[in-house]
Each structure stands twice: as C-alpha cells, then as structure tokens.
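Me: I would like a close look at one part of this protein. Please keep it brisk and stay with what the model shows.

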Amino acid sequence: MADKMKAVVKTRPELGGELLERPLPKIAPDQVLVKVRATSICGTDVHIYKWDAWAANRIGEKRLPQIMGHEVAGEVVEVGGHVKRVKVGDYISAETHIYDPGDLTALLGQLHIGDHMKILGVDCDGAFAEYFAVPESVCWINDASIPPELATIQEPLGNAVYTVLGEDFDVAGKTVVILGDGPAALLAAGVARVCGMAKIFIVGKYEFNLKIAQTMGADFPLYANKDDVDRVAFVKDHTYGAGADIVLDMAGSPQALTEGFKMLRRGGRFSASGIAADSPTLIDYNRRLLRRGPQGRSRDGVRRGEREHAADRVQQRHRLQGRPDPRHQRPAHVRHLVPGAQPAGHRPPRHPPGDHPHVQPRGLREGLRRHAGPSAPVGQGGPVP
Ligand SMILES: [Zn+2]
C-alpha cells in the first residue's frame, strides 16, 4: 500500500476545497482503515465547502486543514489490535457519529448526542479520500448485495428513516410535509411511502428533484420558490383544514421553518433535520410553539444503530421506489469525484433549475448542484450529516 493518497481537503476558512495528496491515515488500536469504494455529497459538505456561519462556528478555522466527507462505503483493509468484530475484507458503511463512551449521554444509551461525540468529516478527518480511518464502533457491515452507490447513502437514508419515524414509529395513515428536496428529503418521501403514510407533501425548489420525489412516493410536490400556490393553504385544504400530522424540516431555511409550523396541525410532530446556515432562525414562539403544542424532534436525535438497521432493512427489501440515476454518479475515486476542484474563492457558474447537463463537474459546488439523485446529493438546504 502506498503511503500517500488523494483527498478533498478544506484548507482555508472561505469558499472552496482542494484536491491534495495526504499521508495515509494511521489507525489507533480501536480503529480500522477503509479503502473507499463510493462516497456521496451531503448538504453538510456544502455548508463546509461554502464556509457559511454554521461551518465557521461548528468547525472553526483552527481545525483546518481537514479532509471533508462522511457519507461513504468501502472495504476494510487493516484493523487495529483491539478490534474484535470487524475483519479485513468487510464491506462497510460508516455511521457518522463517533461517540465517546465516557459521555453521560452515551452511558444512557444516547450515543449520538454526547458532548465529546465527533462527526466524521466535521470534527475530524473525513472520507472524501482514497482511505479513511474510523473506530470499529461506527462501522456498519453491509450485505454484499447492496451496491456501493447505495451503501454510501445508508447514512442519509438512516437520517430519513429516523426523521420520518420519529421515536414512536407512529406514522402509518398520517399526513406529512417534507420541507426540502435534497437527497435526504427525497429519501424521506420514499420512507414515508414505504411506511404507509396517507398523504405526502414535499416542498422543494427544483423540478428535477421534485420529480424524483414523486417517483419515491410523494403525492403533492410544491415549489418553495414560486408563488403559484399558497403552500400553507394547500396543505390545510388537503388535511381537513387542520394541517399535517407531521412536518419534517429537511431544508433548514427560515422560509421552511416559518411555513412548516403553519402547516403543522395542533399537537403534531415537527422534526428538525435541516441545518440552518445562519442560526438562530427566529420562530414565533407564542403563536407557533406555546399555543399549538407541537412535539419536537431534533436532528441530533438520530439513534445510532436503530436507524442504520432500519435503513438496511428498507434497502435490502428493495421496497424503496426509485434509485440513483447512473448518469449522476461518480466513480468512487476522489480524483474522479471532484475533477479539478477549484481553488478557494472560485464561484462556479449557476444553471437554471432543471438544467442538469451530464458532464463532469468543474468544481465541487457545481457538482453538488448537478448531483440530483439520492446517491449524489444536491446542495440546497441542509440534510443532516
Ligand atoms: Zn450526510
């Protein structure tokens, strides 16, 4: 094995990322070294690439340079001395939340929200590289029948599963609004359909993505960026005037939050999954929270294992309608994933919605915009890591 590898690195606290040569990670006794077979780009990566207020606060300049990326599938090529369960040759997806067993929350079984919990590619070097190192505890061993381009989205699919199901799994026959049309939101539409939800609304910006949402099972696609329809009134008209039972914010935008609470029926569940680029986003506390009694769920309420297990079952049973469009996939090798990643400061040209030329992207951000399939996330909104 060579001692150097290619990696997509966040080097400076400004727009951009660089494709660089880095030393091969050295594994600790509890870690495994994984050869990457496929990665996918999360909205979180877009926040980091853009270096918005969220990224500046969450990561901070001091930690740079750092390898980006957390959605990944690959093959274990080396295991540390204390590793017991995972073996060389295992085909794994990474669970993003690297927990600290000493955290009180970890002792209480909430492995995903500890004070010292680290997220791959956010709090430590990530997986947009030829190899990455992770503790054995966050390796999810995949069934060999799941192709890498689907195994890499175990993580956002797991988020979608958790966001849809909440903690009580009581969703069948209920109405749901999904705010956002990034990959996790599209997957949520599929999960909602598989789980027997009665009416599935999805609010997004891109025709291309909204069409995928319909393929996945959404009943009512609505544009967030057009005023052809009063979205709140539309949802109420289709829910006996009450509003939806469940609203999933998978966009993190002020508009999504404001409208989302208006679309939610009294006593319904609001699940927050999108990352707000500029926090805090103000909500009308008295009118939307105090008086309407919503049940809240935060994005970091994603339970480890539970969601990957559920995601795995959903994938293996092939019950999700739709799958990534091969034209929007990139080979696993990062050299091809981000050909000629642009230096910091470069702003790639924008294309109108619906324009998805099937050519190699010139920069990461452009690539994100064009990657519209579930395995190749789009940049708007903020799906969870
Ligand atoms: Zn993610």
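What is the strand order in the open sheet of 5 strands, and is the pairing parallel or antiparallel?

Reply: A caution to begin with: this is a predicted model. The order is E9-E3-E5-E6-E10, and the pairing is antiparallel.

Start at the edges. Strand E9 (131-135) and strand E10 (139-141) stand there. Each has a single partner strand, so one side of each is left without a neighbour in the sheet. The sheet also twists. On average, its neighbouring strands are turned by 45° against each other, direction ignored.

Now the strand pairs. E5 and E6 are joined by 3 bridges, in the antiparallel sense. One pair to look for is Ala73, which stands opposite Ser93 in E6. E6 also pairs with E10, again antiparallel and over 3 bridges. Two facing pairs help you trace that seam. Ile92 stands opposite Ile141 in E10. Ala94 stands opposite Cys139, also in E10. As background, strands of a sheet pair through backbone hydrogen bonds, either parallel or antiparallel. In a regular strand, the side chains alternate between the two faces of the sheet.

Next, the connection from E5 to E6. Strand E5 covers 71-79 and strand E6 covers 91-94, with Gly89 in the loop between them. Gly89 is exposed, because just 8 other C-beta atoms lie within 10 Å and the cut-off for exposed is 12 or fewer. Gly89 still has contacts farther along the chain. Leaving aside neighbours within four places in sequence, Gly89 is in contact with Glu75 and Val76. Glu78 is another residue to check. Glu78 and Gly89 are 11 residues apart in sequence, and their C-alpha atoms are 8.6 Å apart in space.

There is another open sheet to set beside this one. It has 3 strands in the order E2-E1-E4, with antiparallel pairing. Strand E2 (18-23) and strand E4 (66-67) are its edge strands, and each pairs on one side only. Strand E1 (residues 4-10) runs antiparallel to E4, and 2 bridges join them. At one of these positions, Lys10 has Gln66 in E4 as its bridge partner.

Now step back to the core. The largest nonpolar core has 93 residues, and Ile178, Ala188 and Ala189 touch the most other members. Helix H6 (residues 183-194) gives this core its largest share, 8 residues. The core also draws on two domains. At least three of its residues come from each of domain 1 (4-152) and domain 2 (156-301). Take Ala189 as a close-up. Not counting residues up to four places away in sequence, Ala189 touches Ile178, Ile200, Ile202, Ala213, Met216, Gly217 and Ala218.

Last, the whole chain. The protein chain has 13 helices and 16 strands. It has 385 residues, and 53% of them count as buried. Consider the contacts with a separation of 6 or more: residues 24 or more positions apart account for 72% of them.

To find your way back, return to the sheet E9-E3-E5-E6-E10. Follow E5 into the loop that holds Gly89, then on into E6. From E6, cross to the edge at E10 through Ile92 and Ile141.

Methods. Residues are numbered from 1 along each chain as its sequence is written. This is a predicted model: local features need pLDDT of at least 70, side-chain atom pairs count only at pLDDT 80 or more; totals for chains, interfaces and linings use all residues. Helices (H or I, at least four residues) and strands (E, at least two) are DSSP runs, numbered from the N terminus. A residue is buried if 20 or more other C-beta atoms lie within 10 Å of its own, exposed if 12 or fewer, and partly exposed in between; C-beta atoms are placed from the backbone. Two residues are in contact if their C-beta atoms, placed from the backbone, lie within 7 Å. A nonpolar core is a set of buried Ala, Val, Leu, Ile, Met, Phe, Trp, Tyr and Cys residues joined through C-beta atoms within 7 Å. Domain bounds come from an automatic or database domain assignment. Two strands pair if DSSP finds at least two bridges between them. Axes are lines fitted to C-alpha atoms, for helices over the stretch in contact, and angles run from 0 to 180 degrees between N-to-C directions.
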